[in-house]
Amino acid sequence: MTDTLAFALARDAGAPLADQIVSAVAARVDERLLRPGARMPSIRRFAASHGVSPFTVVASYDRLVAQGYLESRRGAGFFVRERQAPAHKPASSQPAPVPAELDIAWLVRSMFRQAPLGLAPGSGVLPADWLDGAAVANALRALSRQNCDGLLNYGLPHGFLPLRQQLQRTLAELEIEAAPEQLVTTLGVTQALDLVARAFCQPGDTVLVDDPAWFLMFGSFAAMGLKVVGVPRLADGPDLARLEELAALHRPRLFVINSVLHNPSSTSVSAAKAFQVLRVAEQHDFLVVEDDIYCGLHPGGATRLAALDGLRRVIYLGGFSKSMAANLRVGFVATSRERAALLADRKMLATLSTSDIGERVVYKILAEGHHRKHLDRVRGRLDAARPGALRRLEALGMRVDPAPAAGMFLWVDVGADTNALTARAMRQDLLLAPGSLFSPSQQPSTRMRLNLAALQDPAVWRFLEARAG
């Protein structure tokens with residue numbers, strides 16, 4: 001054992017001594033130089049033989065226990081642990097299996113395969129190098145230097161108060177007046193939609209949605225026993241005639257709508273249409289849920305239903321997963337005080353509170369003001385990429401109608417069943433998002449959603465050109 005653990009520590013290497021000890025011992029266990037069951041030197045003996053403090057050895061042994069290399073036996077010391085063989089992970093070059101029938105769950109699972117985003121033009125997020133990772137890292141470091149007492153408890157039911165105060169100022173710029181008591185933080189817009197639906201709907205109720213629309217909520221609403229009915233989406237907003245017909249027929253509880261940079265078409269509701277949607281909602285007594293998750297990607301001047309309505313009948317949703325970091329999972333709901341109190345109670349019953357740490361990070365980034373410049377840069381990159389992508393798609397015989405002036409998505413008509421196209425793409429480890437998944441009816445479609453930011457990889461264009469050929 002003594003010879004096996006005879007290694008030198010580089011005291012001028014810049015790496016902490018504990019890190020070097022952990023790496024050296026772990027390597028010897030992996031190489032079977034230290035056999036399972038072998039007893040490690042005592043802390044004092046190891047410290048003396050390597051010229052380090054006992055505290056350094058304690059920290060090293062504790063980390064080796066946490067990583068599964070050693071085990072601690074009370075009164076006996078530390079012993080090498082039997083290592084389990086790592087689970088086999090398929091190489092990234094192996095294509096994922098394609099199911100016989102594509103569905104929403106399949107697309108969501110595929111999006112979490114951790115494939116490079118350049119090979120996922122059907123993804124709904126920006127690539128990491130388009131986001132401001134430095135701002136997130138700086139905010140985390142600043143948070144770590146603060147008094148930790150506030151990080152060790154549950155957050156408030158409504159959410160971190162300074163963040164809600166910051167959101168009040170941000171929403172005021174959109175002409176949405178909302179006091180902190182009217183705001184409830186959530187685990188992204190996904191949880192916000194779930195809370196709203198559970199608070200204001202009962203099994204058997206109808207929820208109207210854009211058609212096409214964000215697919216994940218279809219499965220979520222159906223799991224609650226709700227009936228999901230699509231309202232055809234036009235270039236300037238919902239088809240008002242169909243909205244009135246469906247509202248009269250189904251007496252819905254909610255209408256969920258992307259007013260700005262609709263997913264998947266990146267179009268926005270006109271001011272005239274926005275007034276009419278509110279008129280229909282008043283006439284047929286349903287709430288309008290305005291999902292504005294892509295707010296930061298719009299250059300400005302868009303009409304928000306919540307601004308026209310004053311949060312009387314509109315429940316406004318926002319978040320930062322698209323513009324800041326998907327992994328922060330920070331979203332919010334803005335609504336009347338009474339509904340906000342109800343949603344905060346529902347949130348407590350579901351999760352007690354949201355992560356105070358994530359909300360503090362978002363607050364730090366927003367309060368420092370750098371996020372505005374970051375959004376300007378992202379919009380600039382999207383604007384630069386959009387014309388060339390539209391020309392190349394048109395040259396391939398693919399139609400983008402309507403052609404958006406902003407946003408990250410293109411709603412492309414390829415003139416063929418995109419379910420079949422998606423299955424072929426997946427066999428080449430390329431993730432597409434077929435149009436069938438964006439409709440409550442799930443019918444085959446010639447449309448698919450493409451992420452502009454993910455169209456930079458030549459492999460994507462080679463596949464599309466081969467299909468066109």
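## A tour of the predicted model

Start with helix H2, residues 43-50: helix H1 (17-30) and helix H3 (54-66) are among the elements that cover its buried residues. This is a predicted model. Select Phe-46, Ala-47 and His-50, the buried residues of H2. Around the axis they cover an arc of only 100°, so they sit on the same side of H2. Now select Arg-44, Ala-48 and Ser-49, which are exposed on the other side of that helix. Step just past the end of H2 to Gly-51, where phi is positive, at about 65°.

**The whole chain**

Zoom out. The chain has 469 residues, and 50% of them count as buried. Its C-alpha trace spans about 85 × 55 × 45 Å along the principal axes. Colouring by secondary structure should bring up 16 helices and 14 strands. Among the contacts with a separation of 6 or more, 72% are between residues 24 or more positions apart.

**The hairpin E1-E2**

Select residues 70-73 and 77-80. These are strands E1 and E2, paired in the antiparallel sense over 4 bridges. Ser-72 stands opposite Phe-78 of E2. The two strands form a hairpin with 3 residues between them, and Gly-75 in the turn has a positive phi of about 80°.

**Helix H6**

Move to residues 161-172. The 12 residues of helix H6 should span 16 Å at 1.5 Å a residue, and the end C-alpha atoms are 17 Å apart, which agrees. Show the side chains of Leu-163, Arg-164, Gln-166, Leu-167 and Leu-171, which are buried. Look down the axis of H6: the buried residues fall within an arc of 160°, so they line one face of the helix. They pack against strand E3 (183-186), strand E9 (314-319), strand E10 (331-334) and helix H13 (356-368).

Before leaving H6, follow the chain into the loop between H6 and E3, where Glu-175 is found. Glu-175 has a positive phi of about 65°, although it is not a glycine. Most residues other than glycine have a negative phi. Is Glu-175 buried or exposed? With a relative accessible area of 61%, it is exposed.

A second residue of this kind is Leu-352, which is not a glycine either and has a positive phi of about 65°. Find Leu-352 in the loop between helix H12 (337-351) and H13. Its relative accessibility is 46%, so Leu-352 counts as partly exposed.

**The sheet of 8 strands**

Next, show the strands that form an open sheet in the order E3-E10-E9-E8-E7-E4-E5-E6; there are 8 of them, and the pairing is mixed. E3 and strand E6 (237-238) are the edge strands, each pairing on one side only. For a view inside the sheet, select E7 (residues 254-257) and E8 (residues 287-291), which run parallel and are joined by 4 bridges. Leu-254 has Leu-287 of E8 as its bridge partner. Add helix H8 (residues 216-223), which packs on the sheet and touches strand E4 (206-211), strand E5 (227-234) and E7. The direction of H8 makes about 170° with that of E4.

Between E4 and H8 is a loop that holds Pro-212. The peptide bond joining Asp-211 and Pro-212 is cis, with omega about 10°. Most peptide bonds are trans.

**The sheet of 4 strands**

Go on towards the end of the chain. Here 4 strands form an open sheet with antiparallel pairing, in the order E11-E12-E14-E13. Strand E11 (399-400) and strand E13 (433-434) are at the edges, and each pairs on one side only. E13 and strand E14 (residues 447-451) run antiparallel, joined by 2 bridges. Ala-433 has Arg-449 in E14 as its bridge partner. Helix H14 (residues 370-395) packs on this sheet, touching E11, strand E12 (409-413) and E14. H14 makes an angle of about 10° in direction with E12.

Select the loop between E11 and E12 to find Pro-402. The bond from Asp-401 to Pro-402 is another cis peptide bond, with omega near 5°.

**Cysteines**

Last, select the cysteines. How many disulfides are there? With sulfur atoms required to be within 2.5 Å, the count comes to 0 disulfides. Cys-201 is buried, at a relative accessible area of 6%, whereas Cys-295 counts as partly exposed, at 23%.

Terms used. Residues numbered from 1 in each chain as written. Predicted model: local features only at pLDDT ≥ 70, side-chain atom pairs only at ≥ 80, totals over all residues. Heavy atoms only, no water. Expected span 1.5 Å × (residues − 1). Buried < 20%, exposed > 50% of the residue type's maximum accessible area, 1.4 Å probe, protein only. Arc of directions from axis to C-beta. Contact = heavy atoms within 4.5 Å. Pairing = 2+ DSSP bridges. Axes fitted to C-alpha atoms, helices over the stretch in contact; angles between N-to-C directions.
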